[in-house]
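Me: Please take one part of this model and go through it closely, working outwards from that part to what surrounds it. I would like a careful, connected account that I can follow with the structure open beside me.

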Amino acid sequence: MIARSRYVKDDPGRVGHLLSTSNNRRVVEHRDLDRGCPGDLGQFLAFSSALTAAHPRAKITLAHFKISPSHLLTRRQFLRVIAQIKLENGISRGHPMRLIEHDKGDRPPHLHLLFSAVDPATGRVLSSKDNYARDELVSRRLEIDFGEKIIPGPRVQRNAADLRARGRIKEAAILDGYDPVRRVGKDRESDRQQAASTKIPLVDFRQRLVAAVEKGVRSESLPRALVSQGFSVAIGNRNDTLMAVHDETGIALPFLGPIAIASDGRLKLDPVATDD
């Protein structure tokens, strides 16, 4: 069970992405679980955006949770997932919410759980502070609850300590048996979404980028080599990151992230997961 949260602003393509059947065999909107806002997904997103616009301190529109279980969830387990995420994130019972299920056909369906960033009843804004620790705690507790294999993250010992402090001794004892694991070589969710929406596989993007860089290094004309492969370079708007941009589709990823130098001095791709 992997639960990951993102705290995001408006995105005009969000409805299309969440309801698209081009990348999913089946998409289910669980409208019976809607909370706090009538209407379809587009109206929910517009309502969430209006709440943010009216709030003096809100900077995000949604808290977006993606839940990837290792088995097919029952209705009761759906409700348990929602309750656990609400509990760990301090989300009230009537907080505006949507649940969308994606079934790709080659793995158990995963869930997209959306909450408005602002609670209209209280004016409270959901916070992303320490969200990775909360995500891991939700994931570990649900794995224990559903009898799934424990997939420890880098904060598993902190999770155990938190549970012990709450008096959840049995759960803490289970997590005590696991060492922290830091995942490397995995694609970010935002990168996978770019790849899915632009129809260019991440592995193809990276192979073409390496080919362009190798050619440019040999010829001492990197900009021309990048152009020949359909790339340009830009500065990202976060942390001044150098980005490689695929001109035809607009997909942009960190320029140096996928590239490593082999022992013979040649450039190569780091081992990375392919896009989903």
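Reply: Since much of what follows turns on burial, one cut-off comes first: a residue is called buried under 20% relative accessible area and exposed over 50%, with partly exposed used for anything in between. The model is a predicted one, and the part I have chosen is strand β4, residues 97-103.

β4 belongs to an open sheet of five strands, in the order β1-β3-β5-β4-β2, with antiparallel pairing. The edges of this sheet are β1 (2-8) and β2 (26-29), and because each of them has a single partner strand, one side of each is left without a neighbour in the sheet. On average, and with direction ignored, neighbouring strands in the sheet are turned by 20° against each other.

How many of the residues of β4 are buried? Seven of its seven residues are, so the strand is largely enclosed by the rest of the structure. In a regular strand, side chains alternate between the two faces of the sheet. Here both faces of β4 are covered, with M97, L99, E101 and D103 buried on one side and R98, I100 and H102 buried on the other.

On one flank, β4 pairs with β2 in the antiparallel sense over four bridges. Within that pairing R26 stands opposite D103, while V27 has H102 as its bridge partner. On the other flank, β4 and β5 are also antiparallel, joined over six bridges, and E101 is bridged to L111 in β5. The hairpin that these two strands make has six residues between the strands, and G105 there takes a positive phi near 95°.

E101 deserves a closer look, because at 6% relative accessibility this residue of the strand counts as buried. Its side chain makes a polar contact of 3.2 Å with the side chain of R26. Beyond its neighbours up to four places away in sequence, E101 touches R26, V27, V28, H30, F78, P109, H110 and L111. Two of the residues in that list have already appeared in the strand pairing: R26, which stands opposite D103, and L111, the bridge partner of E101 in β5.

Moving away from the strand itself, helix α2 (residues 41-54) lies across β2, β3 (62-68), β4 and β5 (110-116), and runs at about 40° to β5. Helix α4 (residues 131-146) also packs on the sheet, where it touches β1 and β3 and makes an angle of about 150° with the direction of β1. One residue of α2 to examine is S48, which counts as buried because its relative accessibility is 0%. The side chain of S48 makes a polar contact with the side chain of S116 at 2.6 Å, and, leaving aside neighbours within four places in sequence, S48 is in contact with T61, L62 and S116.

The loop between β5 and α4 holds D130. Most residues other than glycine have a negative phi. D130, although not a glycine, has a positive phi of about 65°, and with a relative accessible area of 39% it is partly exposed, since that value falls between the two limits given at the start.

From α4 the packing continues to two further helices. The axes of α4 and α5 are 10 Å apart and meet at an angle of about 75°, and the two helices are therefore roughly perpendicular to each other. That contact is made by A133, E136, L137, R140 and R141 of α4 together with V156, R158, N159 and L163 of α5, a set that divides into four nonpolar, one polar and four charged residues. With helix α6 (residues 169-176), α4 packs at about 105°, the axes lying 11 Å apart, and this pair is therefore roughly perpendicular as well. Here R140, R141 and I144 of α4 meet E171, I174 and L175 of α6, which gives three nonpolar, no polar and three charged residues.

Finally, I150 sits in the loop between α4 and α5 (156-165) and, at 10% relative accessibility, counts as buried. Apart from residues up to four places away in sequence, I150 touches R140, E143, I144, L175 and Y178. Its C-alpha atom is separated by 9.9 Å from that of I2, although the two residues are 148 residues apart along the chain.

Key
Residues are numbered from 1 along each chain as its sequence is written. This is a predicted model: local features need pLDDT of at least 70, side-chain atom pairs count only at pLDDT 80 or more; totals for chains, interfaces and linings use all residues. Side-chain values use heavy atoms; hydrogens and water are left out. Two strands pair if DSSP finds at least two bridges between them. Axes are lines fitted to C-alpha atoms, for helices over the stretch in contact, and angles run from 0 to 180 degrees between N-to-C directions. Contact means heavy atoms within 4.5 Å. Angles under 35 degrees count as roughly parallel, over 145 as roughly antiparallel, 65 to 115 as roughly perpendicular and the rest as oblique. Ala, Val, Leu, Ile, Met, Phe, Trp, Tyr, Cys and Pro count as nonpolar, Asp, Glu, Lys and Arg as charged, and the others, Gly among them, as polar. Buried means under 20% relative accessible area, exposed over 50%, partly exposed in between (1.4 Å probe, protein chains only). A polar contact is a pair of N or O atoms within 3.5 Å; within protein, one must be able to donate a hydrogen and the other to accept it, and residues adjacent in sequence count only if both atoms are side-chain atoms.
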